[in-house]
Amino acid sequence: MKELTRRDEMSLAAAALRGAPWAGAAISGGAVAATSLVMGWILPGSPDLSWALCVGITMFTLVASIGSISQPQRGDHVTRQARVWSLRHPWRFALYPGLGAAVLMYPIQLIVDGEGLFGGAWDAFWGGVFVFLITGVLALAMRSRARSAIRP
């Protein structure tokens, strides 16, 4: 069997993410960010906008990535096949939501938090690693859904 290139893997992950619950992910990410900011005002200490935004991005990415592979039997043929591939290769799939989260967090760390080029990249990297690990573990736990999606 032919080995997939990184480009092929990225295309499969993108195809699996095509059917993600984007509205639900945006609502949950916004709710978590707003709650984090409000809790910063209520609890002792100062509210941290960059923390709230990064937590919201984390929730947005997790809901979108896990929601996209949670029902592999739905969607067109290409989307189903991509979701089955994602469930069979959870760590390869999790790499792309993790990278996406890091890319979204970097400007926030750079501009809002004022971390600087390397400090912002470091913080965004660790945020992406967190998303990668959570997505990978949850996709690994849902691996049995790949077998049920193939059966007629």
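**Exercise 1.** Which residues lie nearest the centre of the largest pocket, and how many residues line the pocket?

*Solution.* The model used here is predicted.
Step 1. The lining of the largest pocket consists of 14 residues.
Step 2. Nearest the centre are Trp51, Cys54, Val55, Thr58 and Met105.
Step 3. Three elements each give two or more residues to this lining: helix H3 (49-69), helix H5 (90-112) and helix H6 (117-141).
Step 4. H3 gives the most, with 7 residues.

**Exercise 2.** Give the volume of the largest pocket and sort its lining by residue class.

*Solution.*
Step 1. The volume of the largest pocket is about 260 Å³.
Step 2. Its lining holds 8 nonpolar residues, 4 polar residues and 2 charged residues.

**Exercise 3.** Find the salt bridges of the model and state how their partners are joined.

*Solution.*
Step 1. Side chains of opposite charge can pair when their charged atoms come close. The cut-off for a salt bridge is a side-chain nitrogen of Lys or Arg within 4 Å of a carboxyl oxygen of Asp or Glu.
Step 2. By this rule there are 2 salt bridges.
Step 3. One salt bridge pairs Glu9 with Arg6, with 3.1 Å between the closest N and O atoms.
Step 4. Glu9 also forms a salt bridge with Arg92, where the closest N and O atoms are 3.3 Å apart. This pair links distant parts of the chain, since Glu9 is in helix H1 and Arg92 is in helix H5, 83 residues apart.
Step 5. Through shared partners, Arg6, Glu9 and Arg92 are joined into one network.

**Exercise 4.** Where do Glu9 and Arg6 stand relative to each other in helix H1, and is each residue of the network buried, partly exposed or exposed?

*Solution.*
Step 1. Glu9 and Arg6 are 3 residues apart in helix H1 (residues 6-17), so about one helical turn separates them.
Step 2. An α-helix has 3.6 residues a turn, so residues three or four places apart point the same way.
Step 3. Buried means under 20% relative accessible area, and exposed means over 50%. Glu9, at 4%, is therefore buried.
Step 4. Arg6 has a relative accessible area of 55% and is exposed, whereas Arg92, at 32%, is partly exposed.

**Exercise 5.** Check the span of helix H4 against its number of residues, then list its buried residues.

*Solution.*
Step 1. Helix H4 (residues 77-88) has 12 residues.
Step 2. At 1.5 Å a residue, H4 should span 16 Å.
Step 3. The end C-alpha atoms of H4 are 17 Å apart, which agrees.
Step 4. The buried residues in H4 include Thr79, Ala82, Arg83, Val84, Trp85, Ser86 and Leu87.

Conventions
Residues are numbered from 1 along each chain as its sequence is written. This is a predicted model: local features need pLDDT of at least 70, side-chain atom pairs count only at pLDDT 80 or more; totals for chains, interfaces and linings use all residues. Side-chain values use heavy atoms; hydrogens and water are left out. On a 1 Å grid over the protein atoms alone, a cavity is a set of points where a 1.4 Å probe fits but cannot get out, and a pocket is an open set with protein on both sides within 12 Å along at least five of seven lines; lining residues have an atom within 4 Å of a point. Grid points are joined across faces, edges and corners, and a volume is the space filled by probe spheres set on the points. Helices (H or I, at least four residues) and strands (E, at least two) are DSSP runs, numbered from the N terminus. Ala, Val, Leu, Ile, Met, Phe, Trp, Tyr, Cys and Pro count as nonpolar, Asp, Glu, Lys and Arg as charged, and the others, Gly among them, as polar. Buried means under 20% relative accessible area, exposed over 50%, partly exposed in between (1.4 Å probe, protein chains only). The expected span of a helix is 1.5 Å times one less than its number of residues.
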